[in-house]
Amino acid sequence: MMDGVHRQFRQVDVFAEEPFVGNPVAVVHGADGLADEEMRLFARWTNLSETTFLLPPTDDRADYRVRIFTPMQELPFAGHPTLGTAHAWLEAGGPPARRDVIVQECPAGLITLRRTSQGLAFRAPSTLRSGPVDEPTLQEVAAVLGVARAELIDAQWADNGPGWVAVELASAEAVLAVKPAATDLKIGVFGRHPAGSPEDPVTGSLNAALAQWLLASGKAAAPYTASQGTVLGRRGRVHVSTDADGAVWIGGGTHTLISGSVLL
């Protein structure tokens with residue numbers, strides 16, 4: 001590793017109206033030539049929820065290709081890394097092939113992004129798994145969350161890459177009171193605020209799949225804003241909207257907070 005190359009690096013705060021209250025992602029530019037293990041090692045070292053590596057596209061329709069790593073595994077898609085990577089790529093001078101439309105290539109396919117008045121937004125990809133959750137899994141979810149099975153108002157598989165199961169509790173207050181136990185399940189929990197306040201689900205990928213469920217079922221109407229990170233002392237804001245074709249778009253503010261180079 002010490003014989004590596006200095007590569008451009010950014011750390012971007014995502015889903016925040018102001019710096020230091022969102023969800024950070026590390027972005028390594030020009031990751032050509034890095035081995036999988038080098039990417040995994042660096043992602044473990046950053047200790048952020050995700051680290052991304054920018055590469056030339058292999059699909060002519062894409063502006064760039066990205067690989068997304070948690071400290072433990074590679075993901076085919078994730079929401080806040082998608083926005084943060086697009087922000088970093090644009091800031092580094094990346095010219096979109098089409099005006100104001102960015103196309104990202106990742107293992108989940110091509111993801112379309114656009115600029116909006118509320119920041120960058122990505123078009124929600126199709127879910128890999130949706131529909132009702134089986135009873136044994138619901139029992140496990142309740143046990144992990146430390147709530148009674150009857151407190152799970154509704155649940156759906158909402159997997160667009162990370163493997164989310166989305167669970168509705170009675171209120172946002174109930175969500176904030178959850179003290180989850182360790183689990184291999186990827187559980188996204190949401191509950192409604194009183195009228196006039198934003199909902200409280202978390203993460204870009206979950207918000208995308210969750211919005212597809214909530215809007216299709218009539219549980220919510222677009223546009224709406226979801227808040228995230230309250231328990232962690234963050235003030236994340238996720239803007240959910242739809243277009244004339246009915247596609248769901250997930251957007252939010254992005255801010256570069258660290259810029260420099262890394263030896264990789």
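I looked up glutamine 139 in this predicted model. Glutamine 139 is partly exposed, at 42% relative accessible area (buried is under 20%, exposed over 50%, partly exposed in between; 1.4 Å probe, protein chains only). Glutamine 139 sits in helix H3, residues 135-145 (a DSSP run of at least four residues, H or I; strands, E, need at least two; numbering is from the N terminus). From glutamine 139 to alanine 150 I get 9.8 Å, C-alpha to C-alpha, across 11 residues of sequence.

Notes on the model: local features need pLDDT of at least 70, side-chain atom pairs 80 or more, while totals for chains, interfaces and linings use all residues. Residues are numbered from 1 along each chain as its sequence is written, and side-chain values use heavy atoms, with hydrogens and water left out.

Next, isoleucine 258. I find isoleucine 258 in strand E16, residues 254-263. Its relative accessible area is 40%, so isoleucine 258 counts as partly exposed. Ile258 also joins Phe20 and Leu257 in a nonpolar surface patch with about 300 Å² of accessible area together (members have over 30% relative accessible area and no salt bridge, and nonpolar side chains are joined within 5 Å).

Then cavities. I count two of 30 Å³ or more (on a 1 Å grid, points where a 1.4 Å probe fits but cannot get out; lining residues have an atom within 4 Å of a point). The second largest has a volume of about 30 Å³, taken as the space filled by probe spheres set on the points. Its lining is Arg40, Arg44, Phe69, Thr70, Pro71, Met72 and Gln73. I sort that lining into three nonpolar, two polar and two charged residues.

Technical notes
1 Å grid on protein atoms, 1.4 Å probe; cavity = no way out; pocket = protein on both sides within 12 Å on 5 of 7 lines; lining within 4 Å. Nonpolar A, V, L, I, M, F, W, Y, C, P; charged D, E, K, R; others polar. Patch = residues over 30% accessible without salt bridge, like charges linked within 9 Å, V, L, I, M, F, W, Y side chains within 5 Å. Areas by Shrake-Rupley, 256 points an atom, 1.4 Å probe, with all protein chains shown as cover. Salt bridge = Lys/Arg side-chain N within 4 Å of Asp/Glu carboxyl O.
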